[in-house]
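User: I would like a close look at one chain of this model. Please cover its overall build and then the side that meets a partner chain.

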Amino acid sequence: MLRYALKRLISLLVSLAVASAVIFAVIEVAPGDPASFMLGVNAQEDTLAALRAELGLDVSKVQRYFDWVGGMLAGDFGTSYTYRTPVSQMISDRLWVSLPLALYALTLSTLIAFPAGIYAAARRGKAGDLTVMGATQLGIAVPNFWFAMMLVLVFAINLRWFNAGGFAGWDKGFWTGLHSLTLPAIALALPQAAILARVMRSSLLDILGEDFMRTARAKGLSRRQALWRHGVRNALIPVLTIIGLQFSFLLAGSIIIEQVFYLPGLGRLVFQAISARDLIVVESVVMLLVFAVITVNFLVDLAYAAVDPRLRSRT
Amino acid sequence: MSRNLILGAVLSSLVLLAALISFVWTPYDYAALNIPDKLQSPNTQHWFGTDHFGRDMFSMIMVGARTSIAVALVAVGIGMALGVPLGLTAAARKGSWLDEVIMRGNDLVFAFPSLVIAILITAVFGAGAINAIIAIGIFNIPVFARITRGAALSLWEREFILAARVSGKGAARISAEHILPNVANLLIVQGTIQFSLGILAEAGLSYVGLGAQPPTPSWGRMLADAQTMVSFAPHLALIPGLAIIVTVLGLNLLGDGLRDWLDPRIRVARA
Amino acid sequence: MNLLQIDDLSLSIHGSDILKQISLSIEPGEIVAVTGESGSGKSMTALAVMQLLPHGAVAEGTIRLEGQDLLNRPEDEMCALRGASIGMVFQEPMTALNPVKTVGDQVMETILVHKAMPRAQARERAQEVLRRVGLPADRFPLSRFPHELSGGQRQRVVIAMAIALRPKLLIADEPTTALDVTTQAQILDLLKGLVREFGMGLLMITHDLAVVADMADQIVVMRHGEVVESGATNHLLRNMQHPYTRMLFEASGHQVTLPASVKPHPLLEVTNVVRDYRQPRKRLFEAPGHYRAVNNVSFTLNRGERLGLVGESGCGKSTLTRAILGLEDVQGGDIRLDGQPVFSGHSPDLAVRRKMQVVFQDPYGSFNPRHRVARLITEPFHLLETPPTGSGRQDRIAEMLSAVGLSPDDAGKYIHEFSGGQRQRIAIARALIIRPELILFDEAVSALDVSVRAQILDLLAELCAAYDLTYLFISHDLSVVRTITDRVMVMQAGQIVEQGATEQVFSEPRHPYTRTLIEAAPTLPDIGENVA
């Protein structure tokens with residue numbers, strides 16, 4: 001088990017190293033010099049040089065890459081070109097909106113999808129199955145930001161149960177904060193839940209056809225007992241993969257959903273940074289997102305091993 | 001032929017037809033401003049109503065279909081053109097350093113959701129439809145590489161491949177002659193699914209301004225424009241949304257129907 | 001009163017008839033074998049007793065367990081019976097156990113689901129039955145997972161689950177078909193012992209007449225969903241009434257007469273061959289281990305000779321086959337065909353390859369489903385410098401199809417239009433079409449029903465006469481190898497432990513392993529002139 005975890009960890013670190021190099025290289029391709037962009041075309045050469053030194057732009061590219069990575073490891077993401085404030089501060093403020101939103105949505109999506117998928121598999125071909133499958137077919141086709149707009153129209157504008165946008169902040173209390181994230185989380189979660197429910201169902205149906213399910217029935221387990229005791233845990237293995245992938249979709253999706261609800265999250269930050277050509281912010285936010293995706297997939301790999309004993313002893 | 005297949009084919013061809021007809025005919029000029037007629041609800045003159053500039057929504061939806069389909073189609077094309085050969089190569093050289101490099105590369109690309117790629121590209125080169133195509137296309141490469149490799153690997157274990165090797169055929173020839181035809185159905189079905197995901201991704205990107213730029217109409221940007229007016233002109237948001245749903249639903253049904261029709265055993269990755 | 005009494009059982013699935021008026025009975029302590037070829041409905045009979053039939057199945061007639069009807073029992077009462085009064089053992093031990101639960105939990109589950117005893121006691125009982133089936137807790141703790149056990153050990157766990165509550169009736173559906181012959185003998189002994197010890201009735205489903213001949217008290221022969229003949233084993237085998245039973249018996253021990261082989265001249269020379277596989281590291285900074293699949297193997301195959309290679313699964317015979325075909329490199333030694341090395345790196349040496357062809361085991365996986373027969377069997381033409389074209393090609397295709405007993409018109413068909421036996425004929429046609437000097441038969445008749453297998457063996461004997469074949473026949477089935485080869489090699493754990501003239505090796509085996517193999521192989525009783 002430890003060996004397996006260690007191996008995944010090494011692969012995680014390599015992925016992070018390569019990803020950071022790719023991101024850095026892409027940003028490097030960007031035309032123009034941030035210092036002259038910030039000071040305008042009429043800036044004096046010595047002012048420019050001073051600013052470049054301040055931003056750490058006066059050294060070689062390789063040196064700058066290692067400065068950037070080293071800084072990030074120490075929690076220092078550099079200084080924003082536009083606001084002249086530490087990027088780490090800007091990011092951590094926004095992260096407290098985006099990360100809870102993605103986790104909230106992931107929880108909702110799982111809570112909806114598991115029962116729905118298991119229910120549909122257990123009633124394969126019957127009315128209940130067809131209803132769930134029809135609903136998921138529709139759920140997959142709905143763009144989450146459009147769904148978000150419809151939720152605003154119904155629950156905020158017409159029913160006034162929620163605010164149409166904005167974030168109350170966690171300092172007003174946990175429930176107040178959660179309340180203002182509820183509509184965005186639902187908008188993110190439902191389309192993902194549709195996919196997850198379908199995966200859960202088909203994975204469970206595959207398992208139901210396995211020999212060991214017949215063995216379980218021959219032991220005297222009822223259909224339902226066999227499904228719960230032997231089916232669900234085996235079906236989880238492919239479902240975990242999808243949950244891992246979904247996290248990256250939810251994180252990316254939250255960037256879009258934040259636009260609908262005017263939430264002060266990473267999405268807003270990154271779009272402001274793009275229009276201001278504040279590349280160091282873009283670079284850092286992208287790196288953070290990629291870090292989150294890679295880390296979640298690492299956790300999914302560990303979860304595999306917890307579910308499947310064959311992985312624990314092999315490799 | 002299942003109901004899924006027929007319904008899916010009908011919906012998809014409806015959208016495709018609208019996109020094709022828009023090249024030669026639209027009810028109105030989609031770009032013509034007509035402020036006096038602004039924000040009309042759907043009526044006999046303007047079937048889908050008009051927007052805040054008085055532009056005909058039906059015409060914009062037709063031209064928007066063109067944008068969506070073009071972006072998604074080219075993106076799937078990129079994914080297939082690069083992903084399938086990579087997957088075939090990885091499977092043919094299973095366990096070698098080449099396989100390892102291809103698969104690790106895939107994992108790495110999976111860590112960059114297409115929105116993130118689009119953000120990066122836009123930050124460097126500015127916004128545009130091409131960015132959306134590249135971003136979605138890049139993300140499609142590992143999808144096709146992975147599914148091709150997976151299917152090809154199990155084929156390589158089959159005895160008819162061994163028989164071909166005994167007949168002196170090399171890996172490239174076997175991949176082209178035996179492997180590819182036997183994974184083609186799978187690729188067609190997965191292609192349909194990726195096409196529908198591409199439509200969704202394009203809509204998302206243009207909604208946040210990273211896709212097609214004005215004046216090219218796109219469904220995602222129509223939704224972004226509608227957002228501030230949703231309380232008094234809900235049709236501006238409803239109609240482009242429904243257009244997306246109909247297209248994606250149609251393509252998904254088509255994919256499921258094709259899978260059942262071509263080969264009920266093949267599995268499609270959906271994420 | 002009989003333990004199990006089946007009367008006039010008919011079964012249809014989605015309207016197609018599977019079973020027609022089956023009747024059989026089992027008494028306590030009795031072993032009843034139901035035998036027949038694929039499609040005979042023998043497994044469905046077993047599932048009908050368990051009431052675990054597939055969707056859409058409609059059964060008529062009666063099935064009684066100790067006088068109580070099973071066919072119309074409500075599902076919850078059937079659940080109470082399954083596992084407690086009727087236990088069942090399945091064919092595939094590799095997939096019959098849940099991979100994510102320990103074997104202890106799975107055996108205990110039988111006990112706990114019937115609430116037969118409290119948990120602590122159930123644990124003791126699980127340990128006890130596992131010991132009884134040959135898996136004592138000191139060597140096989142309850143915390144083992146299925147993947148940590150071999151196929152034979154897993155089958156023992158499945159049996160332990162089935163007998164944990166001492167059922168009155170045990171159903172075993174092809175319990176040894178997936179196992180090696182020595183393991184098979186052990187499992188059969190175990191089942192016999194359990195029947196004697198617990199006084200259970202055993203309903204045994206098998207396709208192998210030899211397995212049941214020395215085990216069953218009663219035999220029921222089925223074909224196409226009907227019982228064609230049944231009776232006490234000894235009596236039935238000595239007085240076979242139905243032609244199908246006689247055919248089945250004859251085909252199971254089918255003999256062919258090979259034409260005399262030509263005088264020796266070496267064709268294939270295998271010298272000190274070693275084939276290692278890298279194993280994953282056990283610890284992080286340890287050198288990776290190696291698994292020696294083929295260990296210092298040497299033999300010579302002469303032109304015109306029919307050589308057999310027998311051994312159990314994992315003995316290295318498949319690995320050796322791949323090495324001889326030149327598909328994989330070897331780590332030591334040398335394989336030469338007609339003086340030339342068979343392996344030549346990534347680009348195959350066509351001049352060597354064209355002297356050798358192969359016929360595989362799986363009649364379903366051996367052909368690209370998207371090509372027609374003409375294209376399938378001409379694939380080896382790729383090896384020729386000037387492959388025949390036009391009418392020359394057509395003639396060769398027609399000749400080969402005729403030679404293997406098919407029609408030249410079959411050239412335009414796809415492979416799914418043929419049965420398993422016909423597909424093996426097509427595979428032979430493909431191997432023969434470039435007239436190779438050597439053909440490898442890799443378990444080529446192992447997947448076939450006995451009657452089809454007999455026909456293919458006859459075909460091989462005919463082809464030997466017509467084409468002077470030289471072949472290497474790889475198989476786990478001793479009776480087949482005995483009749484179809486001149487000389488035989490016995491392989492164990494990567495090494496050839498004995499080789500010699502086939503008849504001599506079989507009648508006077510010198511190596512202990514060969515003796516074990518021959519003794520473990522179930523044989524049909526010799527009933528002399530009664531069989532043609």
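Analyst: Here is chain C, from overall build to contact side.

This is a predicted model, in which local features need pLDDT of at least 70 and side-chain atom pairs count only at pLDDT 80 or more, while totals for chains, interfaces and linings use all residues. Residues are numbered from 1 along each chain as its sequence is written, and chains are lettered from A and ligands numbered from 1 in the order in which they are written.

Chain C holds 18 helices and 20 strands. These are DSSP runs numbered from the N terminus: helices are H or I, at least four residues, and strands are E, at least two. The C-alpha trace of chain C spans about 75 × 60 × 45 Å along its principal axes. Of its 532 residues, 46% are buried (20 or more other C-beta atoms within 10 Å of the residue's own, with C-beta atoms placed from the backbone).

An automatic or database assignment sets the domain bounds. In chain C, domain 1 is 1–85 + 171–252, domain 2 is 95–166, and domain 3 is 266–279 + 287–520. The centres of domain 2 and domain 3 of chain C, taken over C-alpha atoms, lie 41 Å apart.

Now the contact side. Chain C brings 27 residues to the contact and chain A brings 23 residues. Contact means C-beta atoms, placed from the backbone, within 7 Å. On the side of chain C that touches chain A, the elements giving two or more residues are helix H2 (75–81), helix H3 (103–113) and helix H5 (151–163) of chain C. H3(C) gives the most, with three residues.

Methods: Two residues are in contact if their C-beta atoms, placed from the backbone, lie within 7 Å. A residue is buried if 20 or more other C-beta atoms lie within 10 Å of its own, exposed if 12 or fewer, and partly exposed in between; C-beta atoms are placed from the backbone.
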